[in-house]
Amino acid sequence: MKTRLKELRARNGLNQTELAKRAKVSRQTISLIEREEFIPSLLIAVRIARIFNEAIESVFLFEEEEIE
C-alpha cells in the first residue's frame, strides 16, 4: 500500500504531531504509515481521509495485486 499522507500533510501545513492529535493516534503511528511500514485500520484511515477532505482511496493507494 502506498500513501499520500506526507504530501497531504505538507499541503495542509500539518506536522506529524498535529495530524496524530487530530486522528487520535500517536505520532509514531503517523510516521509508520508514512514510511509504509504499517497499514492503518479502517477507522484510522477514515479519520485521516476526513481531516484532508479526501476519499480514502485517494489517500491510501493499493496495487491491484494487493486487493486480489
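Helix axes that meet at 65 to 115 degrees count as roughly perpendicular. This cut-off applies to a helix pair in the present structure, which is a predicted model. Helix 2 (residues 16-23) and helix 3 (residues 27-34) pack at an angle of about 110°, and the two helices are therefore roughly perpendicular to each other. Their axes lie 8 Å apart. In this contact, Q16, T17, L19 and A20 are contributed by helix 2, and R27, I30, S31 and E34 by helix 3. Classified by residue type, the contact of helix 2 with helix 3 comprises three nonpolar, three polar and two charged residues.

The helix pair falls within a region annotated in the UniProt record, where an unreviewed entry places the feature "domain: HTH cro/C1-type" at residues 5-59. Over residues 5-59, helix accounts for 67% of the chain and strand for 0%. The C-alpha atoms at the two ends of this region are 6 Å apart.

Helix 3 was next examined for its buried positions. The buried residues of this helix are T29, I30, S31, I33 and E34. Of these, I30, S31 and E34 also take part in the contact with helix 2. The packing partners of the buried residues of helix 3 are strand 1, helix 1 (5-11), helix 2, helix 4 (42-51) and strand 2 (60-61). Just after helix 3, E36 adopts a positive phi of about 60°.

Strand 1 (residues 2-3) contains T3. With a relative accessible area of 15%, T3 is buried, because buried means under 20%. Not counting residues up to four places away in sequence, T3 touches I33, E34, E36, V59 and F60. Two of these partners, I33 and E34, are among the buried residues of helix 3, and E36 is the residue with positive phi just after that helix. A polar atom of the T3 side chain lies 3.4 Å from the backbone oxygen of V59.

V59 was also considered in relation to K6, a residue of helix 1. K6 and V59 are separated by 53 residues in sequence, whereas their C-alpha atoms are 9.9 Å apart in space. In contrast to the buried T3, K6 counts as exposed, at 56% relative accessibility.

Technical notes:
Residues are numbered from 1 along each chain as its sequence is written. This is a predicted model: local features need pLDDT of at least 70, side-chain atom pairs count only at pLDDT 80 or more; totals for chains, interfaces and linings use all residues. Side-chain values use heavy atoms; hydrogens and water are left out. Helices (H or I, at least four residues) and strands (E, at least two) are DSSP runs, numbered from the N terminus. Buried means under 20% relative accessible area, exposed over 50%, partly exposed in between (1.4 Å probe, protein chains only). A polar contact is a pair of N or O atoms within 3.5 Å; within protein, one must be able to donate a hydrogen and the other to accept it, and residues adjacent in sequence count only if both atoms are side-chain atoms. Contact means heavy atoms within 4.5 Å. UniProt positions are given in the numbering used here, feature names are shortened, and annotations may be inferred rather than shown by experiment. Axes are lines fitted to C-alpha atoms, for helices over the stretch in contact, and angles run from 0 to 180 degrees between N-to-C directions. Angles under 35 degrees count as roughly parallel, over 145 as roughly antiparallel, 65 to 115 as roughly perpendicular and the rest as oblique. Ala, Val, Leu, Ile, Met, Phe, Trp, Tyr, Cys and Pro count as nonpolar, Asp, Glu, Lys and Arg as charged, and the others, Gly among them, as polar.
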